[in-house]
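Q: Before we start, please show the sequence and the model. Then take one residue and read outwards from it.

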Amino acid sequence: MGIVVLTGAGISAESGIATFRDANGLWAEHRVEDVATPDGYERNPLLVLDFYNKRRRELKSVKPNPAHLALAKLEQGRDDVLVVTQNVDNLHEQAGTKSLIHMHGELNKIRCTECETVFDCYDDITLASKCEKCGTEGTLRPHIVWFGEMPFMMDEISYALHSCELFISIGTSGNVYPAAGFVQSARSAGAHTVELNLEPSLGASMFKEKVHGKAGEVVPVYVNKILSGELEF
Ligand code: APR
């Protein structure tokens, strides 16, 4: 894989979706332990379902911004791009990105804890909702990776990181592993590494190149540099 792009909440901020750790971010208003852990779900499933119902509803009105669109353009211009997103929104898909891994799951998917079937889901889930496959009531949970759970498709991601020439990290604070460690994997594979973020992330010193600014502004400029051949890596 030539180019691996990791995205985080910052890429969707200009589309109007709250990040997690900025002031007024989701973790300023909600306790992680309550809404983003298996224990929290066991203690109060209704609270957890409502938290994700509200965020799923938000997706009906949000639109991709120039950063998402630029990444879709990058993929159209080359055949060696993989976007790995920590985001659970659908803005990369809306922008047209096809080579995409949702490592932390998707708001528009749910999973039955009884039969493990994953379904598309665009509406609210309640404790009375039934699994379409096994018919059990109250077993549907968001198809989201919570703290303490293993992110999805790690083998595919790891393979791509270890064979990439360019690693771009966009809009992520570098607080959450394993994603925060991807830059090290890419570096050890000899890749050029760049951070495009509003401010230096926790792991900023790990990146060879850093461009700080709004994703909607810096990502299109960087993508144009790649596509024009100005950037050699
Ligand atoms: N453009 C670029 N970067 C931005 C913008 C913007 N317009 N707005 C905010 N940012 C940056 C912030 O400066 C911050 O460094 O985006 C980053 C967002 O960080 P977090 O809120 O921590 O989000 P993220 O890194 O995606 O979180 C990782 O944590 O709770 C979990 O599972 C959740 O996937 C999420 C994971």
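A: At 25% relative accessibility, valine 211 is partly exposed, a class lying between buried (under 20% relative accessible area) and exposed (over 50%), computed with a 1.4 Å probe on protein chains only. This is a predicted model: local features need pLDDT of at least 70, side-chain atom pairs count only at pLDDT 80 or more, and totals for chains, interfaces and linings use all residues. Residues are numbered from 1 along each chain as its sequence is written, and side-chain values use heavy atoms, with hydrogens and water left out.

Q: Where does valine 211 sit, and with which residues is valine 211 in contact, leaving aside its neighbours within four places in sequence?

A: Contact means heavy atoms within 4.5 Å. Valine 211 belongs to strand β9. Outside the four nearest places in sequence, valine 211 is in contact with Glu195, Leu196, Asn197 and Val218. Proline 200 is 11 residues from valine 211 in sequence, and the C-alpha atoms of the two are 8.8 Å apart.

Q: How should I read the sheet order, and which strands stand at the edges?

A: Strands of a sheet pair through backbone hydrogen bonds, either parallel or antiparallel. Strands here are DSSP runs (E, at least two residues), as are helices (H or I, at least four), numbered from the N terminus; two strands pair if DSSP finds at least two bridges between them. In this model, 6 strands form an open sheet with parallel pairing, in the order β3-β2-β1-β7-β8-β9. Strands β3 (100–102) and β9 (209–212) are at the edges with a single partner strand each, so one side of each has no neighbour in the sheet. On average, neighbouring strands of this sheet are turned by 15° against each other, direction ignored. For such angles, axes are lines fitted to C-alpha atoms, for helices over the stretch in contact, and values run from 0 to 180 degrees between N-to-C directions.

Q: How many bridges join β1 to β7, and is β1 covered or open?

A: There are 5 bridges between β1 (residues 3–7) and β7 (residues 166–170), which run parallel. Isoleucine 3 has leucine 166 as its bridge partner in β7, while threonine 7 stands opposite isoleucine 170. Strand β1 is also joined to β2 by 5 bridges, again parallel, with valine 5 opposite valine 83. As for cover, 5 of the 5 residues of β1 are buried. Ile3, Val5 and Thr7 are on one side, Val4 and Leu6 on the other, and both faces are covered.

Q: Which helices lie across these strands, and at what angles?

A: Helix α6 (residues 66–77) lies across β1, β2 (81–85) and β7, at about 165° to β1. Helix α10 (residues 215–228) lies across β1, β7, β8 (192–197) and β9, at about 165° to β7.

Q: At what angle do α6 and α10 pack?

A: The classes are roughly parallel (under 35 degrees), roughly antiparallel (over 145), roughly perpendicular (65 to 115) and oblique for the rest. The angle between α6 and α10 is about 15°, with axes 7 Å apart. The two helices are therefore roughly parallel to each other. Residues of α6 in this contact include Ala67, Ala70, Leu71 and Leu74, which meet residues of α10 including Val219, Val223 and Leu227. The contact residues divide into 11 nonpolar, 3 polar and 1 charged. Here Ala, Val, Leu, Ile, Met, Phe, Trp, Tyr, Cys and Pro count as nonpolar, Asp, Glu, Lys and Arg as charged, and the others, Gly among them, as polar.

Q: What is the order of the sheet of 3 strands?

A: The order is β5-β4-β6, an open sheet with antiparallel pairing. Its edge strands, β5 and β6 (140–144), each pair on one side only. From one strand to the next, the twist averages 45°. Strands β4 and β5 share 3 bridges, and lysine 109 has aspartate 120 in β5 as its bridge partner.

Q: Which backbone angles deserve a check?

A: Most residues other than glycine have a negative phi, and most peptide bonds are trans. Asparagine 24 has a positive phi near 65°; it lies in the loop between α1 (10–13) and α2 (26–29). Glutamate 116 has a positive phi of about 70° and is in the loop between β4 (105–112) and β5 (118–120). The bond from tyrosine 177 to proline 178 is cis, with omega near 10°.
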